[in-house]
Amino acid sequence: MSLRTFLQAKLHRAVITGAEIDYEGSVAICPDLIRAAGFLPNERVDIYNVDNGERFSTYVITGEKGEICLNGAAAHKGMRGQKVIIAAYVHLTPEEAAGHEPVVVLVGEDNGIIRKTGGPA
């Protein structure tokens, strides 16, 4: 049986709070946002910079409250104050896909949660 790739969860329009080039790599994300989206530490995520169009992949590490910090090479892809979408994907069978609803977390200017939709039924 073939698997297809679907959006699992996304943080929509989070604000970059920092960019640290001298780091091994990753994106540091506020613990509240990690929990709301259901991301796991070291999970691969794709990041889409709303302001400059950059698109790249990295992995999640737990940051400080309110933090979205691009680290290592990813720091070249965005700067403080720019908005990003952070998305994780999942492979599902056609049967699993039929009932799947991704988690969408709408994020405010302070990286607080405005609204959360979706998730397991």
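Trainee: How many disulfides does this predicted model have?

Mentor: The count is zero disulfides.

Trainee: What makes Cys30 fail as a disulfide partner?

Mentor: A disulfide needs the two sulfur atoms within 2.5 Å. The closest cysteine sulfur to that of Cys30 sits in Cys69, and at 13 Å that is too far for a bond. Looking from the other end, the sulfur of Cys69 has Cys30 as its closest cysteine, again at 13 Å, so no bond there either.

Trainee: Are those cysteines buried or exposed?

Mentor: Buried means under 20% relative accessible area. Cys30 comes in at 2%, so buried is the word. Cys69 has 5%, so it is called buried as well.

Trainee: On to charges. Why is the Lys65 and Asp32 pair called a salt bridge?

Mentor: The rule asks for a side-chain nitrogen of Lys or Arg within 4 Å of a carboxyl oxygen of Asp or Glu. For Lys65 and Asp32 the closest N and O atoms are 2.5 Å apart, so the pair passes. Lys65 belongs to the loop between E5 and E6 while Asp32 belongs to helix H1 (residues 31-37), so the bridge ties together parts 33 residues apart in sequence.

Trainee: What are the accessibility classes of those two?

Mentor: Exposed means over 50%, and Lys65 has 68%, so it is exposed. Asp32 has 29%, which falls between the two cut-offs of 20% and 50%, so it is partly exposed.

Trainee: How do you know that Glu54 and Lys77 pair up too?

Mentor: Their closest N and O atoms are 3.3 Å apart, and the limit is 4 Å, so they form a salt bridge. Glu54 is in the loop between strand E4 (44-49) and E5, and Lys77 is in the loop between E6 and E7, so this pair ties together parts 23 residues apart in sequence. Glu54 has 28% relative accessibility and counts as partly exposed. Lys77 is partly exposed with 28%.

Trainee: What makes Lys83 and Glu109 a salt bridge?

Mentor: The N to O value is 2.7 Å, within the 4 Å limit, so the label fits. Lys83 lies in strand E7 and Glu109 in the loop between strand E8 (103-107) and strand E9 (113-117), so parts that are 26 residues apart in sequence are tied together. Lys83 counts as buried at 15%, whereas Glu109 counts as exposed at 59%.

Trainee: Which residues are joined into one network by salt bridges that share partners?

Mentor: Asp32, Arg35 and Lys65. The count of salt bridges by this rule comes to five.

Trainee: Now the annotations. Which residues does UniProt list for "active site"?

Mentor: The unreviewed entry lists Ser26 and Tyr59. They are spread over 34 residues of sequence, yet they cluster in space, with a largest C-alpha distance of 5.0 Å. Ser26 is in strand E3 (residues 26-29), and Tyr59 is in strand E5.

Trainee: Why is Ser26 called buried, and what is Tyr59 called?

Mentor: Ser26 has 1%, and the limit for buried is under 20%, so that label holds. Tyr59 has 32%, between the cut-offs of 20% and 50%, so it is partly exposed.

Trainee: What does Ser26 touch, leaving out residues up to four places away in sequence?

Mentor: Its contacts include Thr58, Tyr59, Cys69 and Ala74.

Trainee: Which residues does the "binding site" annotation cover?

Mentor: In the unreviewed UniProt entry, Thr58, Gly72, Ala73 and Ala74. They span 17 residues in sequence, but no two of their C-alpha atoms are more than 9.9 Å apart, so they gather at one spot.

Trainee: Where is Thr58, and is it buried or exposed?

Mentor: Thr58 lies in strand E5 (residues 55-62). At 12% it stays under the 20% limit, so it is buried.

Trainee: What does the side chain of Thr58 reach?

Mentor: The backbone nitrogen of Ser26, at 3.3 Å. A polar contact needs N or O atoms within 3.5 Å, and this pair is inside that distance.

Trainee: And what makes Gly72 buried?

Mentor: Gly72 has 3%, and under 20% means buried. Gly72 is placed in the loop between strand E6 (68-71) and E7, and among the residues it touches are Tyr23 and Gly25.

Terms used: Residues are numbered from 1 along each chain as its sequence is written. This is a predicted model: local features need pLDDT of at least 70, side-chain atom pairs count only at pLDDT 80 or more; totals for chains, interfaces and linings use all residues. Side-chain values use heavy atoms; hydrogens and water are left out. UniProt positions are given in the numbering used here, feature names are shortened, and annotations may be inferred rather than shown by experiment. Helices (H or I, at least four residues) and strands (E, at least two) are DSSP runs, numbered from the N terminus. Buried means under 20% relative accessible area, exposed over 50%, partly exposed in between (1.4 Å probe, protein chains only). A polar contact is a pair of N or O atoms within 3.5 Å; within protein, one must be able to donate a hydrogen and the other to accept it, and residues adjacent in sequence count only if both atoms are side-chain atoms. Contact means heavy atoms within 4.5 Å.
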